[in-house]
Amino acid sequence: MATRKLTEGPVWRALAAMSAPMALGILAVLSVGIADAYFLGQLGGDALAAVGYIYPVTTAITSLAIGLSAGANATVSQAIGGEATEGAVHRLGLHALGLGVALSVVVAGLFCVAYPLIFSLMGASEAVASEIALYAPLWALSFPFLVLMMVTNALFRAHGSAAFASIFMIVAAVINLALNPLLIFGAAGIEGMGTAGAAAATAVGRIVAALAALYIALRLGYLRWCTNLFAEFRDSFRSIMSVGGPAAFSNAINPAGMALVTAAVATLGDAAVAGFGAASRVQSVAIVVLLALSAGIGPVVGQNWGAGLRDRARAAVVQAWAFSALYGVAVALALTVFAGPIATLIASEGEAADFTADYLRVVGWSLFGYGVLVTANAAMNARSKAVYSMSLSLGRIFLVYLPGAWVGVMLFGYSGILAAAVAANLAAVAGAAFFVDRAGLLPPRQRLRAAIAA
């Protein structure tokens, strides 16, 4: 079992080694959302609006997978850093996979039952709800395979093998993108499925990638069947869920809040929802490097904290935040200049495109704050302080973004929504500094410069 030691050499190099491959994988996955919006937009405004409603809800549910993968990463990476036996590491991995699959089946079933009520409460019109009904059941069917793939990928990352995690994300996305136009519109004797075709393409990609990831993990020894499989299961469950539970909730808070914000946007009409949803997907692609950095910082902090190298873990946080600031400025400039063409490409209808462009020009200047948020949360999860990351995410959404969006839309319309998004991202910076310091992951001021250079 070849495990990359992240406790040696320059910290920035460890961050780059773990984050760079993940950027490709995350970009591939997020490009699927852009493709869905593009192809379904060709079917008409109802299909595009349906994606605007679906995206925040399914992203919130996907947070279960993100949380479980965070729990697996924290537990396994700290065990590796603490020089645990291979048998113990394998057992932790198998326990994480078992928990993930069991919980995902339950959640998928609940979603199948509840989705009509969920989207009705969000304000979806009858025509849009009909499109949602074509997508939601197939998406739920593929959800356990998404969890299986993400937890397996977390085990790869915990061992320092970010490239493998990235490969299977790319495999799922490539299959999805290749099948999207075929299954949505039909060709070569295959009848188009419309909105259901987008969900079917997603399902096929997830199933193939999940099974391939599991096979490779077993083949390379990152996972291995071990004797006394259920030994210390209670301890594993407690360790994984102490991080995974709050981390899942923390990651669900943002998209769940976005769903409630989407309800506020819905008061302005379906075109506003379509434009807002399209802008959210463009934003996800714009911050892919920051999301990759948040995926990379977890194993770096986990292994170093488990090995007792606290200053290296702190240096990782400081360097991640410095990078977030520089990258955020570059992204803001690009979105300001190209907002119009991007919006026209993604949201084909004129009014929806205007809403998309306005979002990108305004909110783009605050995205560095979101980078600080996600890297802080990942570092605190790896440090087994997931309650802090949950509190940070809760405060950002429910103290700033959500009330700001509803008050803003009533007073200023769509501009009020944008102002609330900017305020939430800026507030996240202050909140992150407070909680990360409490978690012991910020160096004393006199050692700040050394941490940046480490």
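User: How is the radius of gyration defined here, and what would a compact globule of 454 residues have?

Analyst: The radius of gyration is taken over C-alpha atoms, and the globule rule is 2.2 Å times the number of residues to the power 0.38. In this predicted model, a compact globule with 454 residues would have a radius near 22 Å, and the chain has 21 Å, which agrees. Along the principal axes, the C-alpha atoms fill a box of roughly 55 × 55 × 35 Å, and the chain contains 15 helices and two strands.

User: How does one read the angle between two helices, for instance where α2 and α4 come within 9 Å?

Analyst: Angles under 35 degrees count as roughly parallel and those over 145 as roughly antiparallel. The axes of α2 (residues 45-81) and α4 (residues 126-158) cross at roughly 15°, and the two helices are therefore roughly parallel to each other. The crossing in which α2 passes α4 is right-handed, and by class the contact has 26 nonpolar, five polar and three charged residues.

User: What is the relation of α4 to α5, and which hand does their crossing have?

Analyst: The axes of α4 and α5 (residues 162-185) come within 7 Å and cross at roughly 155°, so these helices are roughly antiparallel to each other. Their crossing is left-handed. Between the end of α4 and the start of α5, one can also look at Gly160, which takes a positive phi of about 85° just after α4.

User: Where in α4 does a kink lie, and how does the span of α4 compare with what it should be?

Analyst: The idea is to set the expected span, at 1.5 Å a residue, against the distance between the end C-alpha atoms. For the 33 residues of α4 the span should be 48 Å, and the end C-alpha atoms are 45 Å apart, which agrees. The kink, of about 35°, lies at Ser142, shortly before the proline Pro144.

User: What does the span check give for α14, and which glycine comes just after α14?

Analyst: The 25 residues of α14 (residues 414-438) should span 36 Å at 1.5 Å a residue, and the end C-alpha atoms of α14 are 37 Å apart, which agrees. Just after α14 comes Gly440, with a positive phi of about 80°.

User: How are α8 and α10 oriented to each other?

Analyst: Helix α8 (residues 270-286) packs with helix α10 (residues 310-346) at an angle of about 140°, their axes being 11 Å apart. The two are therefore oblique to each other, and α8 passes α10 in a right-handed crossing.

How values were computed:
Residues are numbered from 1 along each chain as its sequence is written. This is a predicted model: local features need pLDDT of at least 70, side-chain atom pairs count only at pLDDT 80 or more; totals for chains, interfaces and linings use all residues. Side-chain values use heavy atoms; hydrogens and water are left out. Axes are lines fitted to C-alpha atoms, for helices over the stretch in contact, and angles run from 0 to 180 degrees between N-to-C directions. Helices (H or I, at least four residues) and strands (E, at least two) are DSSP runs, numbered from the N terminus. Angles under 35 degrees count as roughly parallel, over 145 as roughly antiparallel, 65 to 115 as roughly perpendicular and the rest as oblique. A crossing is left-handed if the near helix is turned anticlockwise from the far one by less than a right angle, and right-handed if clockwise. Ala, Val, Leu, Ile, Met, Phe, Trp, Tyr, Cys and Pro count as nonpolar, Asp, Glu, Lys and Arg as charged, and the others, Gly among them, as polar. The expected span of a helix is 1.5 Å times one less than its number of residues. The bend at a residue is the angle between axes fitted to the seven residues ending there and the seven starting there.
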